[in-house]
Amino acid sequence: MKTFENDWAMATCAVTGRVHMAKNLPCQDKTYSVFKNGVSIIALADGAGSARLSHFGAEIATFKICEILASYFDSLFDGNENEIKKQILSELLNSLNKKADELKCDLKELSNTLLAVGVKDNRFILLHVGDGVIGYAKDGKIGVLSTPQNGEFINETTFLNSKNALNEMKLQREVLNGIDGFLLLSDGAEHSLYHKKEKRLAAALFGITSALRYVAPKEIEMGLKQSFESVVAMATSDDCSIAMMSKKSAYAILDNETKMDFLGIASYKAVVKSDKILAFLSRPRTLKQISRHINLKQKIAKKHVLRLCKLELIRFKNGFVFFS
């Protein structure tokens, strides 16, 4: 039986918007990530605000699209586009209809948008129905792969159960060609992290995708949760979510003992400090900020930074430490 190793690190975060918190309602954004059958997959679904049970629909959609991509990646990548779209939408709607029967509700009550990216070897499949943004990281920059699908009115979009879902579905199948990161943003997160007029993602997202290449996803998810709750969710009344994946660096796959050799240090505690610095660089930081974060004097923190710079993992320029 063939075994696979996951070369991609994945992190997700979904926080409840101010309106839902005030009304004690659940978060209608759902995210999911999985590595199965050699396929690394991230998915995000945004439940319709007007549909009272859409959080159930969003959860079902994220699980199901991951199952589809993991089970049929090769045939989905090579097959006829129209037939593939029909197959995917049919399986998604079947799962949603089963949930509607279980909850004894109309399918409309489970309405949601859906974004997903699956990667296998040097190929990726992108699926997008509705609003939200799909971006990528390549050559030290962040770019946009798929823009929001909005209708004539500002709050109008396409849901999986919409009559025009098949025609509006985006299906993209390509080779990576240097892409080393993907990210999915919900409509709520767009307010802070996507410039609609310029169709441009916030540069800060590059730091987050870069950090994910080096450190444990749990560290990134903790930082994302703090940032989304204190900043991103404050810029909108909507729920906010993100799902991302980054190609693991050579450093990330090393065990702690090998990291000690690689860094040229004899202390496991120093490895922990180095990893904390890398996780902290989701955006450029000053030495003072880093020294406070890792609880060391600035002079000692600088030694850790310069060591990482010498290994070309990060850069230190004009008073700031950052990923290049």
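Here is a short walk through a predicted model, starting with its sheet and ending with its cysteines.

Let's begin with the sheet. It is open, built from 5 strands in the order 1-12-9-6-7, and the pairing is antiparallel. At the edges you'll find strand 1 (8-15) and strand 7 (141-146), each of which pairs on one side only. Neighbouring strands are turned by 20° against each other on average, if you ignore direction.

Now zoom in on one pair from that order. Strand 6 (residues 133-138) runs antiparallel to strand 9 (residues 181-185), and 5 bridges link the two. If you want a spot to anchor your view, take Val133: its bridge partner in strand 9 is Leu185.

Next, add the helices. Helix 6 (residues 204-214) lies across strands 1, 6, 7, 9 and 12, and its angle to strand 12 (240-247) is about 50°. Helix 7 (residues 217-232) lies across strand 1 and strand 12, running at about 30° to strand 1.

That leaves the cysteines. How many disulfides does a search of the whole structure find? The count is 0. Take Cys27: the closest cysteine sulfur belongs to Cys240 and sits 8.4 Å away, so the two are too far apart for a bond. For scale, a disulfide here calls for sulfur atoms within 2.5 Å. Seen from the other end, Cys240 is in no disulfide either, with the sulfur of Cys27 as its nearest. Are these residues buried or exposed? Cys27 is buried, at a relative accessible area of 10%, and Cys240 is buried as well, at 0%.

How values were computed
Residues are numbered from 1 along each chain as its sequence is written. This is a predicted model: local features need pLDDT of at least 70, side-chain atom pairs count only at pLDDT 80 or more; totals for chains, interfaces and linings use all residues. Side-chain values use heavy atoms; hydrogens and water are left out. Buried means under 20% relative accessible area, exposed over 50%, partly exposed in between (1.4 Å probe, protein chains only). Two strands pair if DSSP finds at least two bridges between them. Helices (H or I, at least four residues) and strands (E, at least two) are DSSP runs, numbered from the N terminus. Axes are lines fitted to C-alpha atoms, for helices over the stretch in contact, and angles run from 0 to 180 degrees between N-to-C directions. Contact means heavy atoms within 4.5 Å.
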